[in-house]
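Trainee: I have a structure open in front of me and would like to learn how to read it. Could we go through it together?

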Amino acid sequence: MSESTPSIFSRIIAREIPATIVAENDRVIAFEDISPQADLHVLVVPKTDEYADVTALAAGDPELLAEVVAMAKQIADERSDGQYRLIFNNGEAAGQTIFHVHAHVLAGNLGEGTLVGH
Ligand code: 5GP
């Protein structure tokens, strides 16, 4: 991934394109999804572009995956009631459009059918 054009998310991390950033630390960033599917819809993204999806992240750096989940929980606590849906789309057919691993954190007005990317 690093050898190709930087992902949109890498460009947000580099402040090359704007986003509404809601949390950030050394390794992970969170910002509002540009096309929200729920009252709260935030993307939590490892800063490294080394991992295309959560399967690769879990295998390569499980601690970083845990940091993504911890930031998701922190955001749900701060911006909703602490209960949230955590979605990783894995592969194009599953709705993944950006191949820089990211978690969708959704809360509020979640219908049973809420699916991201569909
Ligand atoms: P995926 O479909 O890969 O699981 O999720 C990609 C998500 O990124 C989509 O929900 C889409 O709305 C969001 N997205 C795409 N481009 C941008 C952008 O430039 N800024 C922000 N904040 N979100 C984006």
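Mentor: Gladly! Keep in mind that this is a predicted model. Let's begin with one residue, H102: is H102 buried or exposed?

Trainee: How do I decide that?

Mentor: Look at the relative accessibility: under 20% means buried. H102 has 8% relative accessibility, so H102 counts as buried.

Trainee: Where is H102 found?

Mentor: H102 sits in the loop between β4 and β5.

Trainee: Which residues does H102 touch?

Mentor: Leaving out residues up to four places away in sequence, H102 touches F9, L43, V44, V45, I87 and F88. There is a polar partner too: a polar atom of the H102 side chain lies 2.8 Å from the backbone oxygen of H100.

Trainee: Now the sheet. How do I read the order of its strands?

Mentor: Here is the general idea: strands of a sheet pair through backbone hydrogen bonds, either parallel or antiparallel. In this model, an open sheet of 5 strands runs in the order β1-β2-β3-β5-β4, and the pairing is antiparallel. At the edges are β1 (21–24) and β4 (85–87), each of which pairs on one side only. On average, neighbouring strands of this sheet are turned by 20° against each other, direction ignored.

Trainee: Does anything pack on this sheet, and which helix would that be?

Mentor: Helix α3 (residues 62–79) does, touching β1, β2, β3 (40–46), β4 and β5 (103–107). The direction of α3 makes about 155° with that of β3.

Trainee: Over how many bridges do β1 and β2 pair?

Mentor: β1 and β2 (residues 28–32) pair in the antiparallel sense over 3 bridges. You can also find A23 opposite A30 in β2.

Trainee: And how do I read an aromatic pair?

Mentor: Check the distance between ring centres and the angle between the planes; over 60 degrees counts as edge-to-face. The count here comes to 1 aromatic pair. F9 and F31 form it, edge-to-face, at 5.5 Å centre to centre with 65° between the planes. F9 lies in helix α1 (residues 8–13) and F31 in strand β2, so the pair ties together parts that are 22 residues apart in sequence. Both F9 and F31 are buried.

Trainee: Lastly, which residues come nearest to the ligand?

Mentor: Of the 16 residues around the ligand, D33, N89, G95, T97 and H104 come nearest. A backbone N or O atom of G95 lies 2.7 Å from a ligand oxygen atom, and a backbone N or O atom of T97 also lies 2.7 Å from an oxygen atom of the ligand. For I34, a polar backbone atom is 3.3 Å from a nitrogen atom of the ligand.

Note on methods:
Residues are numbered from 1 along each chain as its sequence is written. This is a predicted model: local features need pLDDT of at least 70, side-chain atom pairs count only at pLDDT 80 or more; totals for chains, interfaces and linings use all residues. Side-chain values use heavy atoms; hydrogens and water are left out. Two strands pair if DSSP finds at least two bridges between them. Helices (H or I, at least four residues) and strands (E, at least two) are DSSP runs, numbered from the N terminus. Axes are lines fitted to C-alpha atoms, for helices over the stretch in contact, and angles run from 0 to 180 degrees between N-to-C directions. Contact means heavy atoms within 4.5 Å. Buried means under 20% relative accessible area, exposed over 50%, partly exposed in between (1.4 Å probe, protein chains only). A polar contact is a pair of N or O atoms within 3.5 Å; within protein, one must be able to donate a hydrogen and the other to accept it, and residues adjacent in sequence count only if both atoms are side-chain atoms. Rings of Phe, Tyr and Trp (its six-membered ring) pair if their centres lie within 6.5 Å; planes under 30 degrees apart count as stacked, over 60 as edge-to-face and the rest as tilted. A residue is near a molecule or strand if one of its heavy atoms lies within 4 Å of it.
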